[in-house]
Each structure stands twice: as structure tokens, then as C-alpha cells.
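Me: Please pick one buried spot and walk me through it closely, then follow the packing outwards from there. I'm in first year, so explain the terms as you go.

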Amino acid sequence: MRINRRDFVKISAATATAASATAGTLGAGMMARPGPEWVKSVCRFCGTGCGVQLAISDRKLVALRGDVDHPTTRGLVCAKALYLPKIVHSPTRLTHPMIRRGGKLERASWEEAMSLVAEKFADAIADHGPDSVAYYGSGQALSEESYFANRLFKGGIGTNNVEGNPRLCMASAVGGYVSTYGKDEPMGSYDDIDHANVFFLIGSNAAECHPVIFDRIMARKQESNRVMVICVDPRKSPVQSIADVYLSPKPGYDLALLHGMASAIIETNRHDEEFLAEHVQFKKVVDGKPVSVGWEAYREFLDDWTPEKAEAVCGVSAQGIRDAARAFAMGPTMSFWTMGLNQRTRGVWANNLVHNLHLLTGQIGKPGATPFSLTGQPNACGGVRDTGSLCHILPYGRVVKNPAHRAEMEALWGSEEGRIKPAPGLHTVAMFNALGQGDIKAMFVLTTNPAHSMPNLNAHRRAMANAPFLCVIDAFETQTTRLADVVLPAAMWTEKAGVFGMSERRYQYQPCVVDPPGQARPDLDVLIDLAKRLEARGVVPEGFVTGKLEDADAIWDEMREASRDTAYDFRGMTRERLKRERGVRWPAPTVDHPGTARRFVKGDDPLLDAGPYADESLAEGQLKFYAASDHRAVIWLRPVVGPAEEADEEYPFLLSTGRVLEHWHTGTMTMAARELRRAQPKAFVEIHPEDARALEVSTGDLVHLESRRGEASIEARVVDMPQKGTAFVPFHWEHAGSLINDVTIDAFDAGSKQPEFKICAVRLSKARTV
Amino acid sequence: MTVGVHVRTRLGCERSVALALGEFHGIEPIELEEPGTLGVLIRDETLESAQARLREEVTRLENVLVAWPIHFEW
Ligand code: SF4
């Protein structure tokens, strides 16, 4: 009997609950067996945003399964999600506030802890001004939490020192979207996977980092032998195993490869002249300013980047570049990328050049044809990017530099005129530098672990250790909580209700179904508490929060209102609707609008029908980049510039960092599940076999990695995955000597301010056999 | 302890993979309608050992492209 995926999940559940499961007799009878009541929710980990169902008993999670009714992830989840219940109920959770006294963290009451936090913030602001305090948040916080923190700091306290860990992973993707199309976020959606014939994966190990998306790509590849996968990555990640074309550029020089592909496309007349004439403009930067140029200038520019010339720079054969270009132009082509492009000093440019290929070939705005940046965190998109919770932006596409945008937010927030500063605040690296220099007197870190995840960690950890005042709220003990003056225990995931916004603009509601351990509280409660205390001390205007925004529902309603007349308009996503549905993709301006699979396309995007972007002259299916200047997307003429650090005699290897399937970020959550911890128990450094021979290193040997900034000693894995002359280390582990971010560099992209985690120069030597 | 697993195989290899999986003690393949996929139930003492079997026995089998656990009960 063949069954569908839905029935298989039911059978799995029935088998697990049946006492006689080991007898192994399966069938319709089992499917009918009554089971626990299931509640829909969303995975807490990556930006894929898998739908899950949870079984709850006595306010405890007892089972988890993929949600087969979820429209995009269709019942699949990966190993990390399965362990979430175990992580939530881990005995290692933080359960009570702590205050550092005499150098030691000691148990304290919430009242003691919160009054100390309020006092330190109020004193710093009174003595040194609002820019002496800072907020460092997370793409893991709920949307309401990030929005509220942003509102409190920018509109209440009056500082733009609002940052978050998406600066470390997504900022270059934002820079790419904004500089190309005028507004952030992908125009396509996961639906496009089912229509694409070519998948262009560049700088993405989707197989391990976004496994459910990767599965959907594979499913599409299985459907038709016309479907091709092109993988561009210096390291042979598991994505390469399904690639029809694999290109391995020299680290940092994929810019040349992308120009080479553009050149090959034009050389063979595969560009879309009509699309270019109607929808595209060309720009380059002269003396620090963008200048418009024409098609001819672009063609001439690409004369320097023929596939042969590109080969000489990036090391990929001209034939490989031509093969990739031919396939890309054939389409429909969907590009995916993530940290490999973003975590670079030329991250925005690399993003621009992927968009260039889509615009050049017209592979955009049609089913299966779209550039799509994957997101590492569950709510970097909806929570931080969209709510404007970074130092230079305001909610829903607004920027602090724009007086009209500031005025709109001041009016909505009830801030007095001029409260929001016109200059951007400190971006992440600058913020931690300022902390180290003593310019930041009080910092609030929420649900993230910068003392593990920042690059050039020695310097930034020193800054946190010596900070005048550091308050950290988290669900677990981390490297960062160990340095804090006040530690607050946070409720996590299903212990609180709110919205996550994943990679495809889908906002999904997560219900509160279990109780937090001990005295742990939702981050939002704590932020509201802090805001009220600052109100009482006169630091924040009276009534800014009290009596106005006292819970997540009220905040969500204000957020919806903030999206009015913006390119994000999601006023139709009422709380009730999100509780019912399995997420909705913005724009969705009215409650009866189903959400938008394809932005900028008449018939799909409701903003082309009504509101400030409406255009009645367009026919169904026609495209309009309504957020871009002159409604034309930009092909950028970007120079090819290498990474901040090249290999040299002293530091002859290039180091790249990344992730493995079983762990997530700094391991704060996944290390709390014994099974995941044991599945990947320690850090490792991948070394190419030829390099290993020269270094006399074998798998299992301890290898010493040293850069200009720091060192680490990590066990070797000799594998034919990294390029010769490069090494790869996942960054999840924190045991002694294995913090690879002690070695990485904090040079950052001039536009996005995102650091170059992917490339730095190191030397390797054999330490001792483990 | 039972873990439900969704397995993606090379097209046309569903049956041979199912037969190979059926040889393992405590692993039960179930044919699914979607081509190139199989459902698999892994029964073992603990979640950890079931996950290890998924990694060591299921995903390493010839013609298995990838396998994801999709259901787990505590
Ligand atoms: S792919 Fe991402 S969102 Fe989906 S289950 Fe795995 S970690 Fe969670």
C-alpha cells in the first residue's frame, strides 16, 4: 500500500504512542488510534521557518512532528527541530536573575535586578547622554520584542545605538537588495522552487544550514532531468554532491566569476534586451557617489571580465564559467546564497553581482526566476530587518537619515519631534569598540551571544568583560552571560507568544503553550518593565509605554499600522488571522488578501492595485520595481577587490568558518541536547589532504591555528573538501582553545558593516596528537 | 522509541532502497506516493541510538540522497 506523507506522519505518531509498536504491524487501524492534541507552531532555529506541530501534556512538550499542512515546508523538519522539546525542558536553563557582586554572579530577585538595570541606564543617560547606552538584539527575538526595543531606544531614550546579530549574517544581503531594488527582502518565495529549472547556489551550504529547502530543491531536481544545480563554493560542501556544475573560486574572488558569467551571457547574446530597456538602469561609484551610466559602459566594463580574464583572477576555468552562464540564462533560474556572500568585506558587491545576472537575463519576477537570500535565524527578516532594528533604519523600509521617515515614526510612537536622531548609531563592530573604549556605559544584550559570535573575539570579549555595565537576557548560560553584571533568565520559544518572520516574507504566529522554568520571563515583559522604570525616572517620556503598549497584541497592532503605505504593508495580518493560518506573506494589506508570492508583479502584488505604489496602466503579470528610483532596478559596475587579508609567507592559509547540520550558531541551544552534542561533540578543522601531508597532520591530530589576532587548537579532519591552501572550521563550540572567532577578522564591508568571517589569513601547525 | 523518517532516494530506486532497509532490524520502510521518497520508521532503545542508525545505516545506503526525521515522541 502506498500512502502519502500526511498519512505517514500519522502512522509514525500512532506507532510511537502504541504500546505494541515494536510488533511492527502497520495499517489503517493504527492511523485511527486516538493520540494527543497537536498545536501548530514554528521551528525556533533557522530562517527556513519550518511548520511544526507540538503535542502538550501538563504544560510540557511531549512530541514534535513536521506540519504536513504547512504550505512551504510540507511536514519536513531537520534533526535540530526534533530536539527542541528537550532543549526547552533542559535542566541547564537559567531560572533566576543574577547580579555580579564582588566579581561573582549571585542570585537576585527580579526587583533587585530590574531596578539596578534601570538605575544604570538612567545614570548613564543623565551623565553622558543617550548615546552612552546601547541595545544589542537578535534575529531570534520575536518581532514584537525587537520592534519594542527599537521603539524604546530610538523613540524613547533617543539613541540610534540599536544593533543586533543580523549585522553579522544578513547585512550585506540587505545592502544588496536595497541598492538594487530600493527596498529590502526577496521578491520571490519558496513557491519558485517548484518552477525553477536552474538552481544557482553560491556561498550557501543549504544541505546543512537550510536542509528542508535543500530537500525541496532535490525534489524539484528529481521531477525532471532538465533541472540543473550550479554550486559555487570554494569548499566542497554537501551541496556540491548534487551539482551538475561545480565551480570553486579562489576565496574572495567570486566577484570575477560573476562578472565573467555576465560577460559570457552577453558574448552569446543570451541577455534580455527588452527587459533591460524597460526595467534596468546602470550605475557605478565615482568619488564615493553613485553615477548613472549606460548599457555601453557596462559592456565595455565587462570587456575586462571575459571568462578567460575572470579565470586568471578567480581560478575557475573559462569553460566552467561559460557552462554556468549558459545554464543561468536558460532558466527559469533561482539563486540562493547566504553567508558565503554576505560575510565578506565585499559582501554588498557580491550580492549586487548576483542580482546583475538576474537583471541581465530577465530571470526575475517570473515563476521560478528570482534571486533569493537565505536567512540563518528564525526572525532576522521579520524581527530585525523589517522592524528596522539596526542603527541606521526605522520600521518597514524607513531610514533614520530621512526627516519624513523620522517624523512618521515619532508621530506613531508618541515621541516628541526630534527625539529620533538623524545620524545612524553605532554599527555592531563600532558598538563593541565603543564599549571597549568606555564610550558605551550601559549595554543591554538580548538573546544572543556576542562573546562567542563576534569576530576578533579577544578584543571584543575584553570590551564586554571590562564594560561599565552589561545586562544580558538569555535562556541559557553563555560566554556572554559569564561576563555580564546582570543576567536575566528568559522564557524561550513556546513559553511565549509572538511572531516570527522567515526568509520568504512569511510572518508566522507562535503560541505560548508551556510555562517557563523557575522565574524566567518573556523578553518582551522585561523590556516593557525596563521601559516603565525609565518612564518613572523621566528618561523616557511619560505615557510612552504605560497605558498604551503593555502587551504583545497591542504592539502587534501598532506594528501593522506602522506598515501602512509602505512596501511591507501587512495590515491584513491581524493577530486572530495569524493564529488561524500557517503564516501569511507580506504585502497583505487587507484581511482578505491571501499574501504575496511574488512582489513587484501585477496580479500578485496588491500594492500595484491600491495605495501609493498603485499603477493601473500595468497589465496582469507585468513587472514594476516600484521601490527603485525611476522604477528601474540597478545593474552595478563593481570593481573586483579581494578580501581584507590575503595569504602570505607568514600566514599562508586562508581560514573560513561555517556550520554543521546538528548545531546552530554558538551552540547555546543545541549543546543542551545531549544527542546533538554527542553527534558532533567537538570542533574540527578541515584540511586538504595535500596540505595535511605537508604539515604531517592526520585526522585526529591537534592543529594549532594562528592569525594576527589570536589562536585556537582544534582537531584535524583531513578531507578533500576545502581547497588546497584553505582550512574550514565550524564555529559552534566553546570548549577551551576552540573558539575560532579568536582567530577571525573584524574587517567589515564599507556599506553593510558586516564582518568578513569567511576569509582571514592563518598559519597552521601540528600541535600534539590527541 | 520510534522516529519517523522521510527518505529521498534516486528516482526509480525506491524499491531497492526499501528492500535494503528492510534487512536492518528495527527499521521499517513504508512506500510513499511521491516518487523518489520513502517513509521509514526506526525503532531503537533511545533517541540517540535511533538518530545514530539514521545517520549510519539509512543515509549511507546506496541511492539514498538524504533523510530527515519528521516525527519524534518523548
Ligand atoms: S530547516 Fe531550519 S527551520 Fe526547518 S527544522 Fe531545520 S532548523 Fe528548523
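Reply: Let's start with contact, which here means heavy atoms within 4.5 Å. Leaving aside neighbours within four places in sequence, A:V348 is in contact with A:S172, A:G175, A:G176, A:S179, A:D749 and A:S752. This is a predicted model, where local features need pLDDT of at least 70 and side-chain atom pairs count only at pLDDT 80 or more, while totals for chains, interfaces and linings use all residues. Residues are numbered from 1 along each chain as its sequence is written, chains are lettered from A and ligands numbered from 1 in the order in which they are written, and side-chain values use heavy atoms, with hydrogens and water left out.

Where does A:V348 sit? You'll find A:V348 in helix α17 of chain A, residues 347–361 (helices are DSSP runs of H or I, at least four residues; strands are runs of E, at least two; both are numbered from the N terminus). A:V348 has a relative accessible area of 7%, so it's buried (buried is under 20%, exposed over 50%, partly exposed in between, with a 1.4 Å probe and protein chains only). Here's a fun one: A:V348 and A:K753 are 405 residues apart in sequence, yet their C-alpha atoms are 9.6 Å apart in space.

Now slide back along the chain to helix α14, residues 307–314, whose buried residues are A:P307, A:A310 and A:C314. Looking down the axis of α14(A), you'd see these buried residues fall within an arc of 60°, so they line one face of the helix (the arc is that of the directions from the helix axis to the C-beta atoms). An α-helix has 3.6 residues a turn, so residues three or four places apart point the same way. That buried set of α14(A) packs against α11 (254–267) and α15 of chain A. Right after α14(A) comes A:G315, with a positive phi near 85°.

Helix α15 takes us to some rings. A:F200 and A:F328 make an edge-to-face aromatic pair, 5.3 Å centre to centre with 85° between the planes (rings of Phe, Tyr and Trp, the last by its six-membered ring, pair if their centres lie within 6.5 Å; planes under 30 degrees apart are stacked, over 60 edge-to-face, the rest tilted). A:F200 is in strand β8 (198–202) and A:F328 in α15 (318–330), so the pair ties together parts 128 residues apart in sequence. A:F200 is buried, at 0% relative accessibility, and A:F328 is also at 0% and buried.
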